[in-house]
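Here are a few notes to read with the model open beside you. Take them in order, and turn the view as you go.

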Amino acid sequence: MRVAVRLGALALLFSCTALAQDDPIVITAVRNPVAKSYRKMVEGMELFERRRHLAPAATLRFRLLPRKHATEMEGVELQVAAPSRAIPLEVAADRTFALKRDDAALREDAKVMPNRRAGTMTWRAEVRTPGLPPDVRQLGDLRLECEVGMKSGLISRYPPGFFGWLDELFPENPAFCHRAAPRYLFFADRPLFSVTLVDGARREVLSVDMLYGGASRDPDWKKDKHCDCEVLFDRAYFVPLGDASWPDDTLVVLEYM
Amino acid sequence: MKAILAACVLLAGCSVLQPSPPVPQKPALSAAAAERSLSIGQSTKADVLAALGKGVVVDFESGYEVWVYREKPPASGSELRAELVLLFGPSGILAKTRVR
């Protein structure tokens, strides 16, 4: 048994080494930068086009979010970095950015790379139907955000069992978002007090268990420092994405602290 | 023998690390009645503790705290439980309430 465990560990070590050797060499100003696969993000954009009936008027951007208190979010520079080229991306004041398809960058397996170290920021898809008040989201937008986010590989991953509920996010598959109440974390712009779903005359205030990463059910949540919501806990919420009784144009009304 | 001792130490450590069981809440009030007994902008944490007992506390680095009280399920096996959620500002005064 011990031999098998050691052999497994060795195999894992060698496979990690092989992966590292296959990675393209990119010169950046930051050691160990946070980076995402350009190919996966383009696949997420393609999924958005295929599934945009969930939010016909919406547009897709991606958003950078702080993961540590010390993360400096001002002046973030972003580029699509490939061995032979670097394509700068414009980051808006709200830390969102748009991505365009570039066949050469796809061939070179480029990375989307900000000038920040790994573990200091997290990423989300940002799908917004225009014309809604700032404290109102639309359920179809959030459904698309989840699907694109999963397809794009934006969610940070950890070893199975390392962080309880986050294990559910492991399958990088948009089907995850079709579960009745997937634990896909959304982040409001400000600290939240409640979230209410509104479909015509039907209203439902979500349980507090859907807020703060489920902290009201887990008294030890503060010990879990590996969630990508570490500094955004008071803005974090889940919604019942896969509950088909709520149509895509259901309003998700946020009440702030 | 060492392994058994180590296991015992580990078990003891785990039991120490387990969160203490929540203090039983005062059962007589419904969530709505409990909410009516409080005053936004006036009730303090001590007032709420005296009136309702201790709830589940979620505290944030901003100084805000959310306290949660849940009614007993209306029927055995049911997951539907009324909940009262209280928001305290950094000053310790009740800022918002809601019943679900």
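1. Let's start in chain B, keeping in mind that this is a predicted model. Find B:Leu94, which sits in strand β4 of chain B, a strand made of residues 94-99. Is B:Leu94 buried or exposed? With a relative accessible area of 2%, B:Leu94 falls under the 20% cut-off, so it counts as buried.

2. What does B:Leu94 touch, once residues up to four places away in sequence are set aside? One run of partners is B:Leu38, B:Ser39, B:Ile40 and B:Gly41, with B:Ser43 as well. The others are B:Leu86, B:Leu87 and B:Phe88. For a sense of scale, try B:Gly55: the C-alpha atoms of B:Leu94 and B:Gly55 are 14 Å apart, with the two positions 39 residues apart in sequence numbering.

3. Now over to chain A. Its 257 residues are 46% buried, and its secondary structure comes to four helices and 13 strands. Take the contacts in chain A with a separation of 6 or more: 76% of them join residues 24 or more positions apart. As for the outside, chain A exposes about 12,800 Å², and 55% of that comes from carbon and sulfur atoms.

4. Next, the nonpolar cores. In soluble globular proteins, nonpolar side chains tend to be buried together. Here the largest such core has 44 residues, and A:Tyr212, A:Tyr237, A:Val239, A:Val252 and B:Val66 have the most contacts inside it. Elements from both chains supply at least two residues each: α4, β9, β10, β12 and β13 of chain A, along with β2 and β3 of chain B. There is also a second, separate core of 30 residues, including A:Val34, A:Ala110, A:Trp123 and A:Leu154.

5. A:Val239 is worth a click. Neighbours within four places in sequence aside, A:Val239 is in contact with A:Leu139 and A:Leu142, with A:Ala181, A:Pro182 and A:Phe186, with A:Leu206 and A:Met210, and with A:Val252.

6. Last, the empty space. How many cavities of 30 Å³ or more are there? The count is one, and the largest cavity holds about 30 Å³. Its lining is made up of A:Arg128, A:Pro134, A:Arg137, A:Phe187, A:Ala188, A:Asp189, A:Tyr237, A:Leu254 and A:Tyr256. By class, that gives six nonpolar and three charged residues, with no polar ones. You have met A:Tyr237 already: it is among the residues with the most contacts inside the largest core, and here it lines the cavity too.

How values were computed:
Residues numbered from 1 in each chain as written. Chains lettered and ligands numbered in written order. Predicted model: local features only at pLDDT ≥ 70, side-chain atom pairs only at ≥ 80, totals over all residues. Heavy atoms only, no water. Buried < 20%, exposed > 50% of the residue type's maximum accessible area, 1.4 Å probe, protein only. Contact = heavy atoms within 4.5 Å. Areas by Shrake-Rupley, 256 points an atom, 1.4 Å probe, with all protein chains shown as cover. Core = buried A, V, L, I, M, F, W, Y, C linked by side-chain atoms within 4.5 Å. 1 Å grid on protein atoms, 1.4 Å probe; cavity = no way out; pocket = protein on both sides within 12 Å on 5 of 7 lines; lining within 4 Å. Points joined across faces, edges and corners; volume = space filled by probe spheres on them. Nonpolar A, V, L, I, M, F, W, Y, C, P; charged D, E, K, R; others polar.
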